[in-house]
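Subject: Handover of a structure and the findings on it

Dear colleague,

Please find below the structure that I am handing over to you. I would be grateful if you could look through it before reading my notes.

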Amino acid sequence: MSKRNILITGGAGFIGSHVVRLFVNKYPDYNIVNLDKLTYAGNLANLKDIENCPNYTFVRADIADLDTIRAIVSSHKIDGIIHLAAESHVDRSIKDPFTFARTNVMGTLALLQAAKEYWETLPEKFGGKMFYHISTDEVYGALELTHPEGLESPFATTASSSDHHLAFGTEFFLETTKYNPHSPYSASKASSDHFVRAYHDTYGMPTIVTNCSNNYGPYQFPEKLIPLFINNIRHRKPLPVYGKGENVRDWLFVEDHARAIDLIFHKGKIADTYNIGGFNEWKNIDLIKVIIKTVDRLLGNPEGSSENLITYVTDRAGHDLRYAIDSRKLQRELGWEPSLQFEEGIERTVRWYLDNQEWMDNITSGEYEKYYDDMYLNR
Ligand SMILES: NC(=O)c1ccc[n+]([C@@H]2O[C@H](COP(=O)([O-])OP(=O)(O)OC[C@H]3O[C@@H](n4cnc5c(N)ncnc54)[C@H](O)[C@@H]3O)[C@@H](O)[C@H]2O)c1
């Protein structure tokens with residue numbers, strides 16, 4: 001295996017930490033540089049198990065700070081970038097769209113520009129280089145919910161649930177689906193995707209973009225539905241459900257996303273796009289009931305007894321009804337298959353949050369942020 005210097009941005013976040021862990025463990029000959037600003041969503045406790053590995057370096061920096069990014073890319077002789085750093089929470093984007101434009105659009109542009117400038121100074125230029133941008137299915141907009149009770153899904157992967165294998169409409173997002181973002185978050189991600197493709201088309205930079213469905217699993221910041229609800233059930237707090245809980249999302253276990261990223265980074269076709277998803281659609285309210293059932297069982301509560309914590313709240317503005325990814329291109333061309341079925345993924349996820357209460361408490365108390373301020377503020 002050849003030596004490589006890979007920059008992973010956003011590695012202290014949810015998905016990024018799984019990608020960093022996978023690369024550090026699987027590729028001892030690669031130098032993995034994790035670049036993260038450590039916003040409220042970044043948490044180095046997510047990487048405790050690998051932080052002392054000789055092939056791992058952490059750098060605290062802001063992707064939108066072009067001069068700093070230039071210096072990092074050239075001093076670490078970066079030849080591959082996997083870009084996950086982003087502001088990622090739709091509700092926050094509704095309150096503060098400018099932060100999303102700054103990080104997701106200007107930050108991606110700064111990374112592209114820094115990589116381009118450095119790579120153009122090398123004798124081989126873009127040869128053997130890769131800028132891989134991680135995006136979301138939300139850029140495609142919303143699909144119709146034509147079958148509110150669900151149809152038998154025409155497709156399956158190992159990520160699909162065994163006893164609930166439904167599609168809530170007949171359309172799916174393809175790689176060719178026209179972009180139609182609705183939230184400031186998805187608009188900022190769409191814009192960053194366009195910049196990445198523009199750097200390929202204009203300058204010849206080797207790029208890849210992937211669009212993935214909702215991820216679930218360990219280390220997700222507890223403002224997102226699954227960890228929030230597990231924690232609230234444990235503490236007997238209300239479970240706020242938007243509208244009637246009718247919105248449909250397609251869920252994939254985070255380690256399967258990380259494995260797809262590994263495969264695509266190494267084998268994907270330059271300038272191409274791949275959709276990543278598990279053909280695992282759930283209405284929010286049905287997913288919430290599965291979580292309640294699992295948490296109740298593992299905590300020894302009478303099964304389903306926490307359903308009385310459900311509280312319906314006013315729907316999110318512009319809330320997209322249904323997302324459903326068609327990931328057959330990735331399966332067909334690169335042979336990717338998710339490893340975990342939904343039931344197993346949910347069980348592992350719930351157990352992880354229940355077993356890692358200290359991790360959760362450090363976040364909910366704000367302890368983890370104080371620690372970084374002491375450690376890094378004056379560097
Ligand atoms: N979570 C999902 O279900 C999902 C699905 C598809 C795509 N994605 C995409 O995957 C990527 C990672 O998502 P996530 O859920 O892990 O997000 P996250 O919010 O958990 O983590 C984001 C990370 O980026 C860092 N960051 C934020 N602003 C930064 C900046 N200006 N400079 C450097 N670092 C910064 C944060 O500190 C954090 O560690 C995002 O690009 C997101 O759009 C997420």
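The notes below take the ligand, the nonpolar cores and several individual residues in turn.

Please bear in mind throughout that this is a predicted model.

**The ligand and its surroundings**

The ligand is surrounded by 28 residues, of which Ile15, Asp36, Ser88, Tyr185 and Lys189 come nearest. Sorted by class, this shell consists of 13 nonpolar, 11 polar and 4 charged residues. Several elements take part in the shell: helix H1 (14-26), strand S5 (130-136), helix H5 (184-203) and strand S9 (214-216) each contribute at least two residues. The element that gives the most is S5, with 3 residues.

Oxygen atoms of the ligand lie close to polar atoms of the protein in the following places. For lysine 189, the polar atom belongs to the side chain, and the distance to a ligand oxygen is 2.6 Å. For asparagine 215, a polar backbone atom is 2.8 Å from an oxygen of the ligand. For alanine 86, a polar backbone atom is likewise involved, at 3.5 Å from a ligand oxygen. Taken alone, the ligand would expose 830 Å², and the protein buries 97% of that area.

**The nonpolar cores**

The largest nonpolar core comprises 37 residues, and the members that touch the most others are Ile8, Phe23, Ile82, Tyr132 and Ile276. At least two residues of this core come from each of strand S1 (4-9), H1, strand S2 (30-36), strand S3 (56-60), S5, strand S8 (207-212), helix H7 (254-267) and strand S12 (273-276). Apart from this core lies another one, of 32 residues, which includes Tyr216, Ile292, Phe342 and Val350.

Isoleucine 8 may serve as an example from the largest core. Beyond its neighbours within four places in sequence, isoleucine 8 is in contact with Val19, Val20, Phe23, Ile32, Val33, Asn34, Leu35, Ile82 and Leu84.

**Two residues with a positive phi**

Leucine 38 is not a glycine, yet it has a positive phi of about 55°. Leucine 38 is located in the loop between S2 and S3. Its relative accessibility is 6%, so leucine 38 counts as buried.

Lysine 77 also has a positive phi, of about 50°, without being a glycine. This residue is found in the loop between helix H2 (66-75) and strand S4 (80-83). Is lysine 77 buried or exposed? Lysine 77 counts as exposed because its relative accessibility is 53%, and the threshold for that class is over 50%.

**Further residues of note**

Asparagine 55 is placed in the loop between S2 and S3. Its relative accessible area is 6%, and asparagine 55 is therefore buried. The side chain of asparagine 55 reaches the backbone oxygen of tyrosine 30 at a distance of 3.5 Å. Not counting residues up to four places away in sequence, asparagine 55 touches Phe23, Val24, Tyr27, Pro28, Tyr30, Asn31 and Ile32.

Cysteine 212 belongs to strand S8. With a relative accessible area of 3%, cysteine 212 is buried. Its contacts, leaving aside neighbours within four places in sequence, are Ser135, Thr136, Asp137, Leu252, His257 and Ile276. Glutamate 152 is 60 residues from cysteine 212 along the chain, and the C-alpha atoms of the two are separated by 22 Å.

Histidine 319 sits in the loop between strand S14 (310-313) and helix H9 (328-334). At 14% relative accessibility, histidine 319 counts as buried, because the limit for that class is under 20%. Which side chain makes a polar contact with the side chain of histidine 319? The partner is the side chain of aspartate 315, at 2.6 Å. Leaving aside neighbours within four places in sequence, histidine 319 is in contact with Tyr242, Asn247 and Arg249.

Threonine 294 lies in helix H8 (residues 284-299). Threonine 294 counts as buried, at 6% relative accessibility. Its contacts, again without neighbours within four places in sequence, are Ile346, Glu347 and Val350; Val350 is also among the members of the 32-residue core. Threonine 294 and valine 90 are 204 residues apart in sequence, and their C-alpha atoms are 26 Å apart in space.

With kind regards

Definitions and conventions
Residues are numbered from 1 along each chain as its sequence is written. This is a predicted model: local features need pLDDT of at least 70, side-chain atom pairs count only at pLDDT 80 or more; totals for chains, interfaces and linings use all residues. Side-chain values use heavy atoms; hydrogens and water are left out. A residue is near a molecule or strand if one of its heavy atoms lies within 4 Å of it. A polar contact is a pair of N or O atoms within 3.5 Å; within protein, one must be able to donate a hydrogen and the other to accept it, and residues adjacent in sequence count only if both atoms are side-chain atoms. Accessible areas come from the Shrake-Rupley method with a 1.4 Å probe; for residues, only the protein chains shown count as cover. Helices (H or I, at least four residues) and strands (E, at least two) are DSSP runs, numbered from the N terminus. Ala, Val, Leu, Ile, Met, Phe, Trp, Tyr, Cys and Pro count as nonpolar, Asp, Glu, Lys and Arg as charged, and the others, Gly among them, as polar. A nonpolar core is a set of buried Ala, Val, Leu, Ile, Met, Phe, Trp, Tyr and Cys residues joined through side-chain atoms within 4.5 Å. Buried means under 20% relative accessible area, exposed over 50%, partly exposed in between (1.4 Å probe, protein chains only). Contact means heavy atoms within 4.5 Å.
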